[in-house]
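Biologist: Please give me a close look at one part of this model, namely the empty space in the fold, together with the loops that bear on that subject. I would like one connected account, with the cut-offs stated as you go.

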Amino acid sequence: MTLLLENEFLRLTVAPQGAAILSLDSLEHQQAILYGGEKALFPMLPLANRVAGNSFTLHGEKIELPQSPADKQFFLHGDGWLKDWQVEKHDVLQLVLTLESQYDCGFDYHARLIYRLEGKRFIAELELTHQANKPMVYGLGFHPFFHLTPATQVQFSATGFWPEGANHLPQQWCGELTPQTNFISPKTPDNQWLNVGYSGWSGGALIETGEMRVQLKCATPYLMVFRMADEPFICLEPQSHPVNAHNMAGLPGLVLLANQQSTALTMEIALL
């Protein structure tokens, strides 16, 4: 099933399977904002990215995360991007999807995801509510694939980054950006592999292709950036927590939810 949202500026197609956005296009520029495909954008829940050893310790108890059909080692990006969401409401400007999920490790949640168009803005609002009696930690994120051409320039600011190590897990944080990882001034991304998480992200990024200027906004200090050589996309992924936060001191960005407590994340992609 493919669902359509459209106004005079934007056209969006969505599949309830994985709550996946299939395409987001600028009608004014007749250009793709997101790289269209099986998944041009998907939500990440109840965690983002990877956890080392697929396990962590919470209040002295070892938590073994579920196995994923998408990855042999990790509960990669959680399960929201793999499950079939229910359509609660759909009209030409808004789509509301819901999901229930439960695992023996302690995840037991209800999620509500709203995709909507407001003028030149696409807004995604994700809310997760814990349903078990025993508290559990949660994280959220969005994984958009922005369309990339040889003329595209990307700009965002950050205080530092975690270089990629074995199994795509982060190494020790680095406070000096390298030429490849420095996007403080607008630049065309290098045509090579890049898969790093940033700290101190300002919550905004610009993606400029010719006359089309796109702004990404999300109120979180953590941004994951993924680039593959010779591929026509770059992923700028707002996350509520850094990669492998479950095994970092203080579990940065993760939230412990008691029964019926919620956490939420909102992202906006807008034409300027």
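Modeller: I start with asparagine 167, which at 39% relative accessibility counts as partly exposed, a class that lies between buried (under 20% relative accessible area) and exposed (over 50%), taken with a 1.4 Å probe and protein chains only. The model is a predicted one, in which local features need pLDDT of at least 70 and side-chain atom pairs count only at pLDDT 80 or more, while totals for chains, interfaces and linings use all residues. Residues are numbered from 1 along each chain as its sequence is written, and side-chain values use heavy atoms, with hydrogens and water left out.

Asparagine 167 sits in the loop between β15 (160-162) and β16, where strands are DSSP runs of E with at least two residues, numbered from the N terminus. Its phi is positive, about 60 degrees, although the residue is not a glycine.

The largest cavity has among its lining residues Trp162, Pro163, Glu164, His168, Leu169 and Pro170. A cavity is a set of points on a 1 Å grid over the protein atoms alone where a 1.4 Å probe fits but cannot get out, whereas a pocket is an open set with protein on both sides within 12 Å along at least five of seven lines, and lining residues have an atom within 4 Å of a point. The volume of this cavity is about 70 Å³, meaning the space filled by probe spheres set on the points, which are joined across faces, edges and corners. Strand β16 (residues 194-199) supplies the largest share of its lining, three residues. By class, seven of the lining residues are nonpolar, three polar and one charged; here Ala, Val, Leu, Ile, Met, Phe, Trp, Tyr, Cys and Pro count as nonpolar, Asp, Glu, Lys and Arg as charged, and the others, Gly among them, as polar.

Over the whole structure, three cavities of 30 Å³ or more are found. The second largest holds about 50 Å³, and its lining includes Phe146, His147, Ile207 and Met212. To that lining two or more residues are given by each of β13, β17 (204-209) and β18 (212-218), with β17 giving the most, three residues.

Turning to open space, the largest pocket encloses about 250 Å³ and is lined by 15 residues, of which Arg50, Leu76, His77, His143 and Phe226 lie nearest its centre. The elements that give it two or more lining residues are β13 (141-147) and β19 (222-227), and its lining comprises seven nonpolar, five polar and three charged residues.

One of those central residues, histidine 77, belongs to the loop between β7 and β8 and has a phi near 60 degrees, positive in a residue other than glycine. With a relative accessible area of 7%, histidine 77 is buried.

Aspartate 71 lies in the loop between β7 and β8 (86-90). Aspartate 71 is buried yet has no salt bridge, the nearest side chain of opposite charge being that of arginine 50, 4.6 Å away; a salt bridge would require a side-chain nitrogen of Lys or Arg within 4 Å of a carboxyl oxygen of Asp or Glu. Polar atoms of the aspartate 71 side chain do lie 2.8 Å from the backbone nitrogen of glutamine 73 and 2.9 Å from the backbone nitrogen of phenylalanine 74.

Note on methods
Helix = DSSP H or I, 4+ residues; strand = E, 2+ residues; numbered from the N terminus. Lys, Arg positive; Asp, Glu negative; His and termini not counted. Polar contact = N/O pair within 3.5 Å; in protein donor to acceptor, adjacent residues only side chain to side chain.
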